[in-house]
Amino acid sequence: MEKIVLTDLEPGMNPTGEELAKVLVSRMGLDPRKTNSTQDMYRTFLEFYERAKQAAQQKDPEIAVLTVEEMAIFAKISRQTMYDYLRRWTNLNFIVKTSYIKDSKVIIGYKLNGSTLETAFEKVRVRITNNLELSQKYVQELQRILKNEKISKSQRRNSDEDLDEEN
């Protein structure tokens with residue numbers, strides 16, 4: 001089971017693109033959770049956006065794809081560490097796995113789950129909203145079950161008292 005960890009970090013006054021990217025990565029729970037981890041995960045975030053823009057401009061979808069190795073380079077971490085973080089990015093639906101053939105080799109990578117940051121973020125929002133809506137159903141079911149258990153317990157107690165009175 002994958003955790004969705006959202007933060008309420010806010011940018012300062014007149015943020016730069018870099019600062020806002022860091023805030024968004026944190027708010028979506030894509031930041032590394034270990035202390036002293038990379039502070040450059042936002043660079044991967046920005047690179048997905050740049051690649052998506054270039055792919056649309058040049059009408060070449062392959063440009064939008066980043067391999068795990070490339071993602072790790074932008075984040076300034078090892079490829080293996082990037083694999084550890086990758087699950088969160090895909091579970092939130094921010095990026096999707098894709099592949100293409102280049103020079104008779106299959107290239108496997110990831111791309112933004114939409115043509116812009118906004119459309120990719122909309123997929124994240126839907127994922128989080130669906131999680132919250134399901135949680136709301138669980139809360140309603142819990143209330144119903146607790147109410148029924150209380151009624152059932154009360155009826156058993158009354159039934160037991162009736163039996164005691166008869167004896």
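**Entry 1: the two strands**

I began at Ile 101, which stands opposite Val 106 in strand E2. A little further along, I found Lys 102 opposite Lys 105 in E2. This is a predicted model, so I keep that in mind for everything below. I then looked up how E1 and E2 are joined: eight bridges connect them, and the two strands run antiparallel. E2 covers residues 105–112, while E1 covers 95–102. Together E1 and E2 make a hairpin, with two residues between them. One thing I noted in that turn is Asp 103, whose phi is positive, at about 55 degrees.

**Entry 2: other positive phi values**

After Asp 103 I looked for more residues of this kind. Most residues other than glycine have a negative phi. Lys 59 has a positive one, near 50 degrees, and is not a glycine. I located Lys 59 in the loop between H2 and helix H3 (68–75). Is Lys 59 buried or exposed? I looked it up: the relative accessible area of Lys 59 is 73%, so I wrote it down as exposed, the cut-off being over 50%.

Asn 93 also goes on my list, with a positive phi of about 70 degrees although it is not a glycine. Asn 93 sits in the loop between H4 and E1. Its relative accessible area is 30%, and I noted Asn 93 as partly exposed.

**Entry 3: the whole chain**

Next I stepped back to the full chain. I counted five helices and two strands in its secondary structure. Reading from the N terminus, I get the order α-α-α-α-β-β-α. How spread out is the chain, then, and what does its radius of gyration say? I found 24 Å, well over the 15 Å that the globule rule gives for 167 residues, so the chain is more spread out than a compact globule. The C-alpha trace spans about 90 × 45 × 30 Å along its principal axes.

I also checked burial, and buried residues make up 28% of the 167 residues. For contacts between residues at least 6 apart in sequence, 49% join residues at least 24 apart.

**Entry 4: confidence**

I looked up the confidence of the prediction. The chain averages a pLDDT of 90, and 95% of the residues score at least 70. Among the elements, helix H5 (residues 117–166) has the lowest mean pLDDT, 89, and H3 has the highest, 96.

**Entry 5: aromatic pairs**

I searched for aromatic rings that pair up, and the structure holds three such pairs. I wrote down two of them. In one, the ring centres of Phe 45 and Phe 94 are 5.2 Å apart and the planes meet at 10 degrees; the pair is stacked because its angle falls under 30 degrees. This pair links distant parts of the chain, with Phe 45 in helix H2 (residues 41–58) and Phe 94 in the loop between helix H4 (79–91) and strand E1, 49 residues apart. Both rings belong to buried residues: Phe 45 has 4% relative accessibility, and Phe 94 has 1%.

Another pair is Phe 48 with Trp 89, which is tilted, at 5.9 Å centre to centre and 45 degrees between the planes. Phe 48 lies in helix H2 and Trp 89 in helix H4, so this pair ties together parts that are 41 residues apart in sequence. Phe 48 is buried at 0% relative accessibility, and Trp 89 is buried at 0% too. I was pleased to see that Phe 45, Phe 48, Trp 89 and Phe 94 form one aromatic cluster.

**Entry 6: the core around Trp 89**

In soluble globular proteins, nonpolar side chains tend to be buried together. I looked for such a group here, and the largest nonpolar core has 28 residues. Which residues have the most contacts inside this core? They are Met 82, Trp 89 and Phe 94. The elements giving two or more residues to the core are helix H1 (17–27), H2, H3, H4, E2 and H5. H2 provides the largest share, five residues.

My last lookup was Trp 89 and its partners, leaving aside neighbours within four places in sequence. Trp 89 is in contact with Leu 30, Met 41, Thr 44, Phe 45, Phe 48, Met 82, Phe 94 and Ile 95. I recognised Phe 45, Phe 48 and Phe 94 from the aromatic cluster, and Met 82 from the core.

Technical notes. Residues numbered from 1 in each chain as written. Predicted model: local features only at pLDDT ≥ 70, side-chain atom pairs only at ≥ 80, totals over all residues. Heavy atoms only, no water. Phe/Tyr/Trp six-rings, centres within 6.5 Å; stacked < 30°, edge-to-face > 60°. Helix = DSSP H or I, 4+ residues; strand = E, 2+ residues; numbered from the N terminus. Buried < 20%, exposed > 50% of the residue type's maximum accessible area, 1.4 Å probe, protein only. Pairing = 2+ DSSP bridges. pLDDT = per-residue confidence, 0-100. Core = buried A, V, L, I, M, F, W, Y, C linked by side-chain atoms within 4.5 Å. Contact = heavy atoms within 4.5 Å. Rg over C-alpha atoms; globule rule 2.2 N^0.38 Å.
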